[in-house]
Structures are given as structure tokens and as C-alpha cells.
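The following exercises concern a predicted model. Each task is followed by a solution that goes step by step.

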Amino acid sequence: MAAEWSVLVLTCQRGGCVPAFQRELQARRLRGGLGPRPPALLLAVEDPWARLGSGGATLNALLVAAEHLSARAGCTVVTSDVLREARILVLHTGRDFSFDDCGRAFTCLPAEEPGAPAEALVCNLDSLLGTMAQRLCVGSPPGVWVCSTDMLLTVPSAPGIDWDGFQGVRVIAVPGSQAYARNHGVYLADEQGLVCDIIYKGTEAQIQQCARPDGTVPLVCGVVFFSSDAAEQLLATHVIPPLDACTYMGLDSGAPPMQLSLFFDIVLCMARGVTEEEFLKGGGDASVRSARSVLWTALRAFPLSMACIPDASYDYMTTSASDHICSLTRLPGSASHLRFCKTAHSHVDQPCLLEDGSSVTNCLLEGAVRLAAGSAIQHCHLQGPLEIGPGCLLSGLTADASPALQRCPLRDVVLQGHHLRLCDLPCRVFTLTGRLDDWQSPAAEATYLNVPWAEFFRRTGVREGDLWDAETPWSSRCLLSARLFPVLHACEALGLEDVLWLLAPAAVAGERLARWRAAWRMSWQELLPCLDKAAELGARRALFFLQGQRKVRRVLLGRQDRSLLPLARSAVHEGYHQAMLDMLDEVAATAGDAGIAARALACIAEVLGCMAQGEGGLRSGPAANREWASAFRRLESGDVAGGVRELAAKRQKWMSSPALLVRAARHYEGAEQILVRQAVMSSCQFVTVGQAELPPLGCWVQVACPARLDLSGGWSDTPPITYEHGGAVVDVAVLVDGCRPIGARVRRISEPELRLVSLGGTPRGEAVAELVCRELEHLQDYCQPHAPGALLKAAFICTQVVQFPSQKPLRAQLLESFGGGFEVHTWSKLPHGSGLGTSSILAGAVMASLYRAAGKAASTESLIHAVLHLEQRLTTGGGWQDQVGGLVPGIKIGRSKAQLPLRVEVEEIPVPDGFTQTLSDHLLLVYTGKTRLARNLLQDVVRSWYARLPSAVQNADALVTCRLSASVWTTTGSRRNAWPQGASRWPSGT
């Protein structure tokens with residue numbers, strides 16, 4: 001069971017990104033990314049100082065969380081009592097990141113979450129949230145978890161942390177190599193798991209001292225848990241100088257700023273191997289030593305334990321481009337809860353041009369875009385032909401940058417587009433660096449674009465004075481401070497070519513140098529405070545839904561069994577529902593295929609349902625409002641494009657409230673059913689009717705049928721599943737109380753009218769309902785299933801005994817063709833809604849007797865398809881398994897292929913001697929008194945199928961597989977190994 005939070009806090013640096021990050025948290029709540037019971041409080045908290053440190057940020061976040069909890073509890077001051085049962089998660093976004101304008105937390109991973117309720121990009125933040133809630137924190141007591149977001153953390157599903165009797169503070173460690181530990185922090189712990197010291201970039205001897213029996217060392221991975229008691233004591237320090245300076249209250253009170261580390265100032269004071277003198281001496285200036293003294297007094301009594309997670313892994317997100325590209329192009333360990341993929345949330349016209357070992361995330365790649373192994377593209381809309389060599393990272397590029405890229409081969413470079421805001425002026429800037437460049441090494445010892453600075457100056461004509469002021473010390477002249485990147489030009493618009501020329505050979509570079517010098521340029525160090533995180537996140541969102549529209553087209557036109565419902569939910573949550581509706585309209589109108597158009601209309605219904613946000617009533621309901629009738633008539637006439645356009649125009653007037661949205665969704669499902677009916681009507685070509693001798697007046701033609709049980713495969717016969725996926729059902733015809741419970745009889749009568757009589761359970765029963773039709777108008781409600789005599793009226797029309805609509809009156813038709821009218825009696829011993837196929841079998845019995853009474857002859861195969869036709873005209877929309885089960889004797893398999901026209905083929909199954917009797921001896925029919933109408937169940941099944949919910953697709957596969965097993969079972973009489981494991985069913989009416 002996943003951990004549930006009272007408060008989720010995301011800390012961020014000063015700089016105005018709080019609203020953007022708060023929006024991101026709210027978006028995750030809406031789309032279910034924070035679990036079924038998300039935190040009551042989501043807080044994006046800005047650090048009060050520019051260089052507060054992880055410890056200061058933790059104390060400030062704890063104060064803000066406690067203040068909000070106190071307010072909710074009705075308190076007028078901050079009280080630590082609210083922490084007693086609270087479960088708080090604090091996530092630190094940390095410092096700026098060279099390869100993502102929104103920081104390490106929002107760095108997108110090449111991963112997808114197929115089971116997520118709403119489709120969205122997967123950021124490192126999402127990965128850590130999943131790791132914390134579903135793995136690390138499971139079973140922990142109330143308290144405060146603190147987690148850095150500057151690393152990629154992978155944890156097995158069962159980390160094995162023992163929380164029994166836990167007290168104090170616990171740090172989480174992951175095993176790592178001693179070589180890796182030389183540039184990182186490690187824990188020195190005793191045999192009981194209590195931390196003795198924290199060693200950062202220690203000597204070989206110090207690191208060896210921390211080694212475990214297997215040679216690995218426990219790496220500091222940025223995760224700490226404070227028990228409620230420890231959290232209360234830490235919170236109490238926020239009012240004690242100089243620690244008050246770490247909080248926004250200290251800022252508002254005029255306290256001087258100070259920097260505090262979570263691990264080396266707060267956690268270290270509890271390490272049992274550290275003395276008070278050593279701890280205070282390591283504090284640097286007087287204010288930090290004073291802060292350490294307060295922390296020692298407050299926290300020293302709490303035990304500090306360590307949990308090192310076997311098989312976990314930790315990768316700090318460094319400023320090395322090589323490391324970052326590697327993390328985006330390699331698959332993680334098997335312990336990851338994410339599904340990493342080469343193309344994540346991207347549309348790629350020619351995926352074959354992406355080499356293995358490359359990565360594409362949130363991109364739209366049109367045309368021939370070739371990507372070499374070891375390269376990654378993120379948040380780009382590119383148009384080929386393009387060739388991107390190995391070792392590249394491209395990010396934030398739009399389609400208008402493609403021409404410049406087409407003229408410039410790339411290899412081992414990092415090319416990024418950035419959103420800036422300069423004194424409220426939004427602008428776009430491009431940066432270009434080499435994969436091997438170091439940001440902070442002095443120019444004399446470093447490279448730019450993977451070559452020494454001296455060689456770069458010689459090739460391009462750029463001078464040191466162009467990049468650094470004369471008074472800049474030589475030690476500070478580095479890539480981070482070099483004014484390389486054009487921002488504004490007095491006369492001309494700037495573009496990607498204004499940085500790409502830096503890669504050009506000397507002959508070409510000379511042409512661009514003067515323009516570059518004339519532009520106002522900034523260094524990466526100067527650009528960082530101006531990065532517009534809100535605009536960047538917005539651009540990523542827009543691109544995600546742009547490629548999402550392409551996905552909609554690709555999935556629908558390709559008839560893929562992929563669900564679009566998660567994307568629809570996200571589009572609604574993020575305000576992109578209209579773009580998705582427009583794309584679905586376009587696909588439905590232009591596909592030229594009724595099946596694709598029907599699924600597109602069903603997807604529109606899902607979008608409208610999502611927009612209602614659970615309000616407005618049930619999705620199932622009537623769909624015959626006259627305002628929609630004109631659009632429906634267009635669809636009925638075959639004008640799909642015109643019908644779709646008219647539906648869209650009508651839809652705009654039905655989107656102002658949840659109730660109207662739900663009703664509009666119902667009408668879209670009604671429109672979808674029109675197209676499904678047209679597809680199923682293709683089965684009419686398999687109805688062959690011959691001529692037979694016309695029985696004399698008054699002579700009854702009687703047909704009695706068994707009920708049916710489906711042994712396997714039920715619902716796979718249901719349109720549209722039956723012609724999109726293919727269906728297979730094993731049915732058995734059964735007697736009830738030794739007789740055939742369903743039947744009909746028809747005779748000709750001299751009066752030119754139709755007498756429709758329903759008998760009470762048996763052929764000899766009394767009439768319980770009678771209806772006489774003398775005019776064609778009496779038949780016009782044949783398509784309304786609940787209308788009196790609807791099934792019988794539909795039978796007369798579908799057998800073409802009566803032509804409807806027609807200019808010729810009913811009386812004239814009957815006298816001219818048959819010399820009189822017809823009387824029909826029907827009966828069924830089975831209760832309505834029993835789930836034994838009563839309605840469809842009764843329709844088959846009526847049509848069989850009606851054909852014969854009218855002097856016509858139809859085979860069983862024709863009757864099976866004729867009932868399909870009738871049920872579509874009746875608008876009940878049923879499948880074919882009921883009539884197969886009741887019209888064909890014994891045990892049989894019915895099959896339909898995934899194609900149109902829809903044709904049902906039936907194969908009788910021979911069974912061993914005595915099998916039928918054995919089966920009969922073990923069957924007992926019990927009536928519960930509860931009815932389950934197939935029409936109601938059908939709506940849910942079809943809705944799930946059109947949404948391609950994974951469970952629906954898996955069920956369809958399993959149902960068809962099960963019928964093979966059922967066939968084996970019935971043929972051999974053995975149940976052993978007959979049913980595949982994991983096979984499941986949709987709701988059944990039996």
C-alpha cells in the first residue's frame with residue numbers, strides 16, 4: 001500500500017518560479033499522479049535567501065507546512081502538535097541545472113507510465129514521487145521525509161526497511177563502488193546500523209573504513225526521515241537566532257542571511273562518532289557555529305540510523321554533458337518502476353532512423369530525422385531531412401530552427417533553446433556547448449565546443465575581449481562567464497544560425513562574426529536568473545499535446561489497440577480539450593471508414609465525459625434529442641463528413657455545464673452506434689432467402705427454440721469487438737425443465753392487419769399483451785426497444801414482409817402480396833433479463849416462422865445474420881452468440897473474423913458418448929429475481945472497448961483464447977489444463 005501524505009512541499013530557489021511549480025503540483029493532483037488520496041496540502045515554497053542551503057530550505061519548508069497545518073487545525077499560532085500524526089514529504093529542487101531550464105526535478109526522463117490514469121511527461125520529480133510513495137516510505141511512521149531531486153534514484157519494490165520500534169532520524173543509503181564514492185558522500189555506520197560519521201570526498205583510507213563486506217560503501221543519496229519527535233525539535237529551532245534567518249519569518253524580521261546544510265549541519269550533529277567540539281569547529285564563521293550549537297542541543301539525543309537498500313542505485317545529476325546524455329540513453333536497472341523507451345511521448349515519422357541507444361522525449365519529428373546512438377532529443381519540433389550525429393543533446397528547438405540545422409551537421413554538442421524574460425520582455429535565446437566542455441575550468445585549461453579555447457579563437461576570429469571584461473581575473477574566465485550567446489540585435493531578428501556559426505570552419509565563420517559582435521550577448525551565468533520557467537513548462541505542455549494530436553491520428557487510423565483515454569483526461573486537466581476534439585472531428589470526417597469514424601466519435605464522448613468531471617449524471621441515457629436529429633440523419637444517409645461537422649457545431653452549444661456535457665456525450669455515443677449499425681448491416685449480404693410454398697390461411701407455422709449457455713468467449717461476439725478484434729464463442733443449447741422454453745408461431749389471416757400477441761410462458765398460455773397494426777404509422781416505433789411489440793414490428797420489416805417506409809399503405813401491401821394479414825404469437829418461459837439469450841433467440845424464432853408463413857425459406861446461417869440485422873434496426877445492438885446458441889443444436893463454436901463484412905461461421909463440436917448426459921446432470925438453473933439487461937451491460941462493454949482500456953483488450957484476447965480451451969474441454973470431456981491462467985470475463989448476463 002502506497003504511503004499517503006498530509007503535506008507535499010516542493011522547495012525552489014528565489015526567482016519567481018513558485019506559481020509555475022505550484023501549477024505543476026496541482027496538475028499532478030488532477031491527473032492522479034499523487035495517488036488515489038492526494039495530499040490535502042500542496043505547497044511550492046520559495047527559499048527566503050538566494051543561497052539558503054538544503055538545511056535552511058528544510059527548516060523553512062517545515063515551518064511553512066506546520067503553519068498551514070496549524071491554520072487548518074484552527075490554531076492562531078504555529079504549533080508543533082500538528083506534526084504528531086502528520087506525514088510530510090519535502091522535495092528540494094536544488095540549484096540550477098545546465099541541461100534543463102526548470103532544474104533537475106523537472107528534467108524529463110525517456111519513460112512512460114502505461115497504467116497511469118492520465119498521460120503525461122515523466123519528470124525526475126515524478127520518478128522520485130513514485131519511489132518515495134510506493135517503495136521507500138511504505139510502512140514508515142508519521143514524520144517528515146526530506147528528499148533531494150538532484151539524483152536519479154532506483155529502488156527495488158521491497159526495500160526491506162524495518163520500522164519496528166523506530167525512533168529518531170534515519171538516513172537512506174544505496175550501495176556504490178569505492179571509486180564512485182571519491183567524489184560523493186558516504187556513511188560510516190556501526191554494526192547496529194547507527195551512523196558514526198558522514199564523509200564527503202574522503203581519502204581512500206576513509207572510504208575503505210566505510211566499506212561493507214561485499215566491498216561496496218553506503219552512498220549518501222539525499223533522503224532523510226525525521227520522526228515526529230525529531231521534526232518537532234527541529235521546528236522549535238526556527239525561533240532561535242541565528243537559525244531564524246533560515247526561514248521566511250527571519251527574512252521578514254530583518255535577520256541576516258545564512259547558509260545551512262541538511263547533512264553536514266543538521267544530520268551530522270546526531271552522528272555518534274562526532275564530538276561536540278569537532279562539530280562546532282567545522283562550522284566556518286561564527287553564525288554557523290552558533291547555529292550548530294543550537295542544533296546540537298536540540299537534536300543530539302536522537303539516534304541516527306541508516307538503511308542501506310540492496311540493489312538500489314543512485315546517480316547524481318552532474319554538470320557533465322556526457323553523464324547527462326548517458327543517463328537519457330541507457331536503460332535503468334530492473335528495479336525501476338518506470339518503463340523506459342527510446343521514443344517517449346513523441347511522434348516520429350520515420351522511427352527506423354533512430355538508432356538503438358538514442359532517445360527522443362516529448363518531440364515531434366517530421367520527415368527524415370536521423371539520430372545516432374548516444375544522442376538524445378527533448379522538447380523539439382524538427383522537420384527533416386536532418387542528421388544528428390553521436391554525443392548530442394538537443395532541447396527546446398522549434399520547427400523554424402530546422403532549416404539552420406539542415407545546413408549544419410552536429411556531433412558531440414549540446415544545443416538548447418531557452419525562454420527568457422528580460423524586464424518583462426519575453427524572448428528566445430539559443431546556447432551551444434560541447435559534450436566534453438567543463439563549465440567552470442579556466443579557459444587556459446579548458447575547451448569550448450570540445451576544442452581548446454585558443455583553437456576556437458583562431459578558427460572563428462572571436463577574441464577574449466569579446467567574451468570577458470578586461471578586469472575579469474584569469475581564473476574566472478571560463479565557459480560559465482563567457483558572453484557567447486546572442487540575445488538581442490539592434491536591427492535584425494536573431495535565430496539558431498547565430499550560434500551555429502560558432503561550429504563553422506574559418507571561411508564561413510568570418511561572414512557571421514560582425515553580426516555576432518553587434519548583438520547584445522550574455523553568458524550562461526547571466527542567463528540563469530532570466531530563464532522563464534513558466535514559459536518553458538508551458539511550451540513543453542503545448543508540444544506534448546501537439547504530438548498528442550498526432551498520436552490520436554496515428555492510433556485511430558492505424559487501428560491500434562492503444563487507449564486514448566489517459567491522453568483525453570490530461571487534455572481536459574490542462575485545458576487542451578478543444579485541440580483534441582478538433583483532431584477527433586478531423587479523423588472522423590476524413591477517415592473514409594465507418595469503423596474508424598465510430599471510434600473517433602466514441603473518443604469525443606469520452607472527452608466530453610471527462611470535461612463533466614464526474615458531475616452531470618450517468619453517462620448512459622437517452623440520445624434522441626431533436627436538436628441532434630439532423631446530424632443523425634446525415635450519418636444514417638452515409639454522409640459521415642457532413643454528419644460529423646454538424647455534430648461538432650451542435651456540440652458547441654452543449655458545453656456550458658456538466659449536465660449538458662454528459663447529455664452531449666450520450667448523443668455522440670448514439671452517433672457512434674449509427675455507424676456501428678451500418679457496419680453490422682454488412683452481414684445482410686449473408687442472408688439468402690428463397691421461395692417456398694405459401695401455407696394456407698389459418699395454418700400455424702410454429703418454431704420452438706432452446707435457451708443457450710456460453711461456455712467461453714461471451715462478449716467477443718459484440719459489435720464492434722466482433723469485427724475489429726474477431727470473436728469466438730463456445731455455446732451449448734439447453735432445455736429448461738425438459739422443454740424448449742422460447743418460441744413463436746405465425747399464421748396468415750384474412751384481415752389485412754398485423755395481430756401481435758404475447759403469451760404467458762407457453763404456447764397454450766393466455767395472452768398477456770395484444771396489439772393490432774393496421775397502418776404503417778403503427779410500425780414507426782419499431783426502433784424503440786421499449787415500445788409495445790417493437791421486436792415483432794422489426795421482424796416484419798427486416799424479413800421484408802412489410803416494406804417500411806413506403807408510399808403504399810400497409811393494407812394494400814398485405815392484400816397484394818399475401819391476400820391478407822398475419823397473426824403472431826410469442827412466448828418464453830424464461831424471465832426478462834435472465835441472461836440466457838431470450839430476446840435474440842426469440843427474434844430468430846419469430847423470423848424463422850415468419851419467413852415460412854410468408855412463403856419464404858431461410859437457412860440457419862441466414863437466420864443468424866438476419867437476427868444481427870434485426871437487432872441493429874431495433875437499436876439494441878446485440879451480438880450473434882445468442883442466436884447461434886439457440887438456433888444451432890448441441891455444442892458449437894461460433895466465429896467471426898476481424899473484418900467487414902461481418903460474417904459468422906458456426907462449427908458443431910462432436911462430444912464423447914455420455915458427455916451430454918453428464919453435463920445435463922450437473923446443470924442447475926437458479927433464478928435470483930435480479931434482471932440484467934443486455935443493453936445496459938453492452939454500453940459499458942462497448943465504451944471500454946472503444947476506449948481500448950488495457951483490461952478490455954486483454955479480456956478480448958483472453959475470451960477468444962478461452963474458447964479454444966473450452967472446445968478442448970468439451971471434445972475430450974476433461975477439464976485439466978483447459979483454461980488459461982489469468983483469463984477473465986466482462987460482466988455476464990448469465
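**Exercise 1.** Determine how strand E32 is joined to E38, and which strand pairs with E38 over five bridges.

*Solution.* Step 1: strand E32 comprises residues 727–734, and six bridges join it to E38 in the antiparallel sense. One position in this pairing is Val-729, which stands opposite Gly-894 of E38.

Step 2: strand E39, residues 904–908, pairs with E38 over five bridges, again antiparallel. Here Lys-892 has Glu-908 of E39 as its bridge partner.

Step 3: consider the exposure of E38 itself, residues 891–896. Five of its six residues are buried, and the strand is thus mostly covered.

**Exercise 2.** Establish the strand order of the open five-stranded sheet, and state which strands stand at its edges.

*Solution.* Step 1: the order is E30-E33-E36-E34-E35, and the pairing is mixed.

Step 2: strands E30 (701–705) and E35 (767–773) each have a single partner strand; therefore one side of each is left without a neighbour in the sheet, and these two stand at the edges. From one strand to the next, the twist averages 10°.

Step 3: within the sheet, strand E34 (residues 754–759) and strand E36 (residues 821–828) run parallel and are joined by five bridges. In this pairing, Thr-826 of E36 is the bridge partner of Ser-758.

Step 4: add the helices. Helix H28 (residues 838–853) packs on the sheet, where it touches E30, E33 and E36, and its direction makes about 30° with that of E33. Helix H27 (residues 810–818) lies across E33 (742–749), E34, E35 and E36, and runs at about 95° to E36.

**Exercise 3.** Classify the ring pair of Phe-456 and Phe-457 as stacked, tilted or edge-to-face, and decide whether each residue is buried or exposed.

*Solution.* Step 1: the structure holds 25 aromatic pairs. In the pair under study, the ring centres are 5.9 Å apart and the planes stand at 55°, so the pair is tilted; an edge-to-face pair would require over 60 degrees.

Step 2: the relative accessible area of Phe-456 is 0%, so Phe-456 is buried. Phe-457, at 15%, is also buried, because the limit is under 20%.

Step 3: both residues belong to a cluster linked by ring pairs, together with Tyr-448, Trp-453 and Trp-468.

**Exercise 4.** Identify which ring lies beneath the charged end of Arg-170, and which beneath that of Arg-521.

*Solution.* Step 1: the charged end of Arg-170 sits over the ring of Trp-163, 4.8 Å from the ring centre.

Step 2: for Arg-521, the ring is that of Trp-516, and the distance to its centre is 3.9 Å.

How values were computed: Residues numbered from 1 in each chain as written. Predicted model: local features only at pLDDT ≥ 70, side-chain atom pairs only at ≥ 80, totals over all residues. Heavy atoms only, no water. Buried < 20%, exposed > 50% of the residue type's maximum accessible area, 1.4 Å probe, protein only. Helix = DSSP H or I, 4+ residues; strand = E, 2+ residues; numbered from the N terminus. Pairing = 2+ DSSP bridges. Phe/Tyr/Trp six-rings, centres within 6.5 Å; stacked < 30°, edge-to-face > 60°. Lys NZ or Arg CZ within 6 Å of the ring centre and 35° of its normal. Axes fitted to C-alpha atoms, helices over the stretch in contact; angles between N-to-C directions. Contact = heavy atoms within 4.5 Å.
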